[in-house]
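The following exercises concern the surroundings of a ligand and the packing of helices. Each task is followed by a worked solution.

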Amino acid sequence: VHRLVIVGAGFGGLHAARALVGQPVEVTVVDQRNFHTFQPLLYEVSTAGLDPGDVAYPVRAIFGRAPNVTFRYARVTGVDWERRCVLVDAGEPLPYDSLVVATGATARFFGIPGAEQHARPLYTLADARALRDHVLRRLEEIDVDPERADGGTLTFVVVGGGPTGVEVAGALAELLDVSVRHDGFRFDRERGRIVLVDALDRLLTAFDADAARYAAATLEARSVELRLGRKVRAVTATSVELLVVDEHLRVPGRPGVFAVGDAAAVLRGPGGADDHGERHGELCPQLAQVAIQSGRHAAAQVLRQLTGQPLEPFRYRDKGIMATIGRRAAITQLPSGLVVRGTLGWLGWLALHLVYLVGFRNRVTVLVNWSWRYLSWTSGPRIIVGEADHPDG
Ligand SMILES: Cc1cc2nc3c(=O)[nH]c(=O)nc-3n(C[C@H](O)[C@H](O)[C@H](O)COP(=O)(O)OP(=O)(O)OC[C@H]3O[C@@H](n4cnc5c(N)ncnc54)[C@H](O)[C@@H]3O)c2cc1C
């Protein structure tokens, strides 16, 4: 039987494996975590809107009944290209006939002094939980000693005016409101500052200019300070090293190896890398839909190879983009350019995230959580879970 190893159980790896359930392929999914993370809702965990378990789902539960898919809980440490096996930190290496690399992206600090220690990335569930603990601890400190606001304890700086930055800033503003209104914190809400910084002179560059102006106005109305056109000197934006792929998502020079999702430089349409590894054409953004579609495409190409059919080039089908700015405010931009915003955009955002969230239980708990918060005007689980072992708490 053809052995396929998929590294990573994010959107890309998960959808590649799902597309192969019941097919004549022996699939092994490897991940360093035993769960799939729904990254688009991490900001809700970091701002005490949802619990970590609401946005994660055990990989074993997803494929438990699939006869041809197994899960290996291990960190991949390398690939032996000659022997065609994946090296892992736990257990035997995994031999493969085909390999799909879906390892996603990670935050980088470029060695800038202070950045790694003091800035907090938002990429993993552990990041989100640490950020939530950090914010809630600051609120407790201010409650004990309100004068600490002068030293910046009540100032939260969000770097990056893309969808995640906008979402975090909007949700932080709500968290501060709720803390004073419902949780008996005695600090002056006026002294709580949320500052959103971006080097460009507008927010949400992927969206049309009107939609970005709406986001800026909504955030300002909710007391978020915008510092646009300003570069942060101490901390820079995040970046990733991408794997070059050809138009079929294969890694040139590595037979049987595909790369998908955030880890890959996926082109929007046919083009790909030439013999020298040069890429041509426009790259896809790092979005869940790109990971889902490229994961499914790689799985389909493995099957085509098996049945001797010619490979098909990948073509990204743009389904639009969305960003939420907080309660009853979101922007949905359709591929036609049409923008839906306000309450309607927000309801569309809620519905879509519920549809794509993995696991029925998660959908129910998130729906209940959101409905409760909407009706009662309170926030979600404002619980400090970790111990104060980080220098910044
Ligand atoms: C905070 C945040 C908000 C986002 N919001 C949106 C949004 O609203 N809409 C949208 O479309 N997109 C959004 N994205 C982007 C979207 O989540 C990513 O594009 C998508 O998750 C990429 O899928 P992936 O499968 O390529 O990688 P990931 O989902 O990152 O999965 C990679 C997997 O590989 C595993 N892995 C990595 N290295 C190893 C190793 N060495 N050994 C074993 N396992 C390994 C990881 O544990 C992880 O499970 C957001 C991203 C973030 C971080």
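**Exercise 1. Identify the side chains that place an N or O atom close to an oxygen atom of the ligand, and state the distances.**

Solution. The model is a predicted one. Begin with Arg33: an N or O atom of its side chain is 2.8 Å from a ligand oxygen atom. Next, take Asp262, where the corresponding separation between a side-chain N or O atom and an oxygen of the ligand is 2.7 Å. Finally, a polar side-chain atom of Asp31 is found 2.6 Å from an oxygen atom of the ligand. Each pair is judged against the 3.5 Å cut-off for a polar contact.

**Exercise 2. Determine how much of the ligand's exposed area the protein buries, and describe the shell around the ligand by residue class.**

Solution. Start from the ligand taken alone, which exposes 1000 Å². The protein buries 88% of that area. Then consider which elements give two or more residues to the shell: these are H1 and H8. The shell comprises 25 residues, of which Gly12, Asp31, Gln39, Val76 and Asp262 come nearest. Sorted by class, the shell has eleven nonpolar, ten polar and four charged residues.

**Exercise 3. Describe the packing of H1 against H8.**

Solution. Two packed helices are characterised by the angle and the distance between their axes. For H1 (residues 11-18) and H8 (residues 288-306), the angle is about 35 degrees and the axes are 7 Å apart. The crossing of H1 past H8 is right-handed. On the H1 side, the contact involves Phe11, Gly12, His15 and Ala16; on the H8 side, it involves Ala288, Ala291, Ile292, Gly295, Arg296 and Ala299. Classification of this contact yields six nonpolar, three polar and one charged residues.

**Exercise 4. Describe the packing of H5 against H6 in the same terms.**

Solution. H5 (residues 125-144) and H6 (residues 163-182) pack at about 35 degrees, with axes 12 Å apart. H5 passes H6 in a right-handed crossing. Val135, Leu136 and Leu139 of H5 meet Leu172, Leu175, Leu176 and Ser179 of H6. By class, the residues of this contact are six nonpolar, one polar and no charged.

Key:
Residues numbered from 1 in each chain as written. Predicted model: local features only at pLDDT ≥ 70, side-chain atom pairs only at ≥ 80, totals over all residues. Heavy atoms only, no water. Axes fitted to C-alpha atoms, helices over the stretch in contact; angles between N-to-C directions. Helix = DSSP H or I, 4+ residues; strand = E, 2+ residues; numbered from the N terminus. Left-handed = near helix turned anticlockwise from the far one by under 90°. Contact = heavy atoms within 4.5 Å. Nonpolar A, V, L, I, M, F, W, Y, C, P; charged D, E, K, R; others polar. Near = heavy atom within 4 Å. Polar contact = N/O pair within 3.5 Å; in protein donor to acceptor, adjacent residues only side chain to side chain. Areas by Shrake-Rupley, 256 points an atom, 1.4 Å probe, with all protein chains shown as cover.
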